[in-house]
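Hi,

Here is the structure I promised to pass on to you. Have a look at it first, and then read on for what turned up in it.

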Amino acid sequence: MMKKSKQFWGFTILAIAIFVAIQFMISGGFLNNFYSNTLIFMAINIMLAVSLHLVIGITGQFSLGHAGFLAVGAYVSAIMTMKLDLPFFAAILIAGIAAALAGLVVGIPSLRLRGDYLAIATLGFAEIIRIIFMNMDYVGEAAGMQVTHLTTWTYTFICLFVTILVIVNFTNSRHGRACIAIRENEIAADAMGINTTYYKVLAFAIGSFFAGVAGALYAHNFYIIQPSNFGFLKSIDILIYVVLGGLGSLSGAIVATILLTIVSTFLQDYPETRMIIYSLVLIIVMLYRPKGLMGKMEFTDYLKMWMRPKGGSQHEQ
Amino acid sequence: MEWLQQLINGISLGSIYALIALGYTMVYGIIKLINFAHGEVFMIGAFIGYISIAGWGLGFFPALLLSMTVCAVIGVVIERIAYKRLRNATRIAALITAIGVSLLIQNGVIYLRGAQPAAYPDVFANKSFNLFGAQISTQAILILSVSVVLMLILQFVVHKTKIGKAMRAVSYDAEAAKLMGINVDNTISATFAIGSALAGAAGVIFGIYYTKIDPLMGVIPGLKAFVAAVLGGIGIIPGAVAGGLVLGVVETVVSALGFSPWRDAAAFIILILILIFKPSGLFGKNTREKV
């Protein structure tokens, strides 16, 4: 108990320090618009990666449709602020709830499937969500929807902080352990009395909730949202962050997201080169290090190993 | 007799899906991998057909054969480089690699020639004739006959030749097949070669029928062909053909009823319904998972 709360306060203090430092740099004019935008974009990507990490890395359910929930969040929040004139924080919350509901609708039927069937079903659902938005007159069909710029560094950081906090706490709780048990062996977990369907759907809904929150920030950061922004490739983008960092490692996912966002910002004008690098990275990592860069290890695990180099239980798997 | 015409359009489209779906289903049947790069092999096939017809002035059949050969080689190369190492890896690792290969081929082609579409040259004077009041183009007949011939050849190869027997044995039980002296690696490569050749043929036919090709053309037909394979029962060869035809007809009917923006959604709705209610597909048998 003590150890956990120590970790929690350490994390909080670190987060506040990062926030204050960057806020100071933005308001002090050390970071120009380009850099602060990149930081916001990076934070949104981290939220997406962390929420997908809960579904794939922790619960072991391979979803290829995360962009669909991002789209739900983006469109719902845009409708809330642009059409119903609600304040932005309410729009963020409603976007999250709407995406979580979409997650339930998608998850309840499809989570009965396993492995690649589940992947294809989620892919199909995400495509259906996209096609629905593409044919909805109310949100501007394929041409997209104008959205005012409301996303600030403060909003983004608070959302990011809450996302990571909730997902870390969930992972370390009884429910998180149930999800990990499902990832390791679903049949055994079932036999141990874990309600596998309930936990799979729960993890899926929480992941979708935060994808929806990220979608709200995404929509209000880009002035316009179009259905084509939320296609299959966007899901793959998010998937790459999680896979590269290590399936099952939250800090790995964050590190991979930061690295790849920087790379893709510099290659913005050369989208093909960017995608070629992405795909080569994906193939090479899968061939030579299928666990991802960090496997299932977290930064804190490395820290512990480093502090206690001899003896003890070093359980790298 | 508009319905007859729509039906024939649907069957032509469906036979293209069926040709692609055959590759998916054969590869899945033998190594349980959803080969996401299959749609890209289809795209490469279309471009090779384009180059050999428009660039080198070949006729339709030489172009078709050339495209099938090159695609077979590409399929084997993909398998040897990217998938062979992953045969004992987790399914997710293999699936992610397949997605990676698919993105690599797409963007590699865009990098080499740009993303702009190309107009397919006319190889046949497109005449149409009247059958019971329906206008039927010679191209539709051509597509249909080429597909049928290829499927018959495939059926012959799988059931009457030695390599076909080996393929069936490996897909039934790879370990036992190895013990019986079957070269599993070569058999898997042969499966990729045959599947990719069919995808290449589908690419050339697609180009001639739709007259426009571009580097991203493989994505949607690839996904839909996968839907077709699942619909028929993945791993089952006649299932892929039936699934492709059903999907083609359904899509054409949805378009004809005036819902053409929802055409792509129809395929995915079919996919989800079939996955939820009968995951083993129309032709599949239910299998129990053993602990």
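In chain A, 79% of the contacts with a separation of 6 or more are between residues 24 or more positions apart. For chain B the corresponding share is 75%. Please keep in mind as you read that this is a predicted model.

Now for the two chains one by one. Chain A holds 13 helices and two strands. Its radius of gyration is 19 Å, close to the 20 Å given by the globule rule for 317 residues, so chain A is as compact as a globular protein of that length. Measured out along the principal axes, the C-alpha trace of chain A spans about 60 × 50 × 40 Å. Of its 317 residues, 46% count as buried.

Chain B has eleven helices and four strands. A compact globule of 291 residues would have a radius of gyration near 19 Å, and the 19 Å of chain B agrees with that. Along the principal axes, the C-alpha atoms of chain B fill a box of roughly 55 × 45 × 35 Å. Buried residues make up 53% of the 291 residues in this chain.

Next, the place where the chains meet. Here 32 residues of chain B are in contact with 30 residues of chain A. On the chain B side, α4 (91-113) and α11 (263-277) each supply at least two of the residues that touch chain A. The largest share comes from α4(B), with 15 residues. Sorted by class, the side of chain B that touches chain A has 25 nonpolar, four polar and three charged residues.

Inside chain A, helix α2 is a good one to follow, and two of its packing partners are described here. With helix α6 (residues 153-172), α2 (residues 33-58) packs at an angle of about 20°, and the axes are 10 Å apart. An angle under 35 degrees counts as roughly parallel, and α2(A) and α6(A) are therefore roughly parallel to each other. Their crossing is left-handed. Among the residues that make this contact are A:L39, A:A43, A:M47 and A:L54 of α2(A), and A:W153, A:F157, A:L160 and A:I164 of α6(A). The contact of α2(A) with α6(A) divides into 15 nonpolar, five polar and no charged residues.

The other partner is helix α11 (residues 250-266) of chain A, which packs with α2(A) at an angle of about 140°, with the axes 9 Å apart. That makes α2(A) oblique to α11(A). The crossing of α2(A) and α11(A) is right-handed. Residues including A:F41, A:N45, A:A49 and A:H53 in α2(A) meet residues including A:L250, A:I254, A:I258 and A:T261 in α11(A). By class, there are nine nonpolar, seven polar and no charged residues in the contact of α2(A) with α11(A). If you would like to see a residue that takes part in both contacts, look for A:I46, which is listed in the contact with α6(A) and also in the contact with α11(A). A:V50 is likewise found in the contact with α6(A) and in the one with α11(A).

A glycine in chain A also deserves a look. A:G212 sits in helix α9 (residues 196-219). Is A:G212 buried or exposed? It counts as buried, because it has 31 C-beta neighbours inside 10 Å. Leaving aside neighbours within four places in sequence, A:G212 is in contact with A:F69, A:V72, A:G73, A:A95, A:G96, A:A98, A:A99 and A:A100. The C-alpha atom of A:G212 is separated by 17 Å from that of A:V139, and the two residues are 73 residues apart along the chain.

Finally, here are two backbone details, one from each chain. A:D85 has a phi near 55°, a positive value in a residue other than glycine. This residue is in the loop between α3 (66-83) and α4 (88-110) of chain A. A:D85 counts as exposed, because it has 8 C-beta neighbours inside 10 Å. In chain B, B:K32 has a positive phi of about 55° although it is not a glycine. B:K32 lies in the loop between α1 (2-31) and α2 (38-55) of chain B. With 16 C-beta neighbours inside 10 Å, B:K32 counts as partly exposed.

Best wishes

Definitions and conventions. Residues numbered from 1 in each chain as written. Chains lettered and ligands numbered in written order. Predicted model: local features only at pLDDT ≥ 70, side-chain atom pairs only at ≥ 80, totals over all residues. Rg over C-alpha atoms; globule rule 2.2 N^0.38 Å. Buried ≥ 20, exposed ≤ 12 C-beta atoms within 10 Å, placed from the backbone. Contact = placed C-beta atoms within 7 Å. Nonpolar A, V, L, I, M, F, W, Y, C, P; charged D, E, K, R; others polar. Axes fitted to C-alpha atoms, helices over the stretch in contact; angles between N-to-C directions. Parallel < 35°, antiparallel > 145°, perpendicular 65-115°, else oblique. Left-handed = near helix turned anticlockwise from the far one by under 90°.
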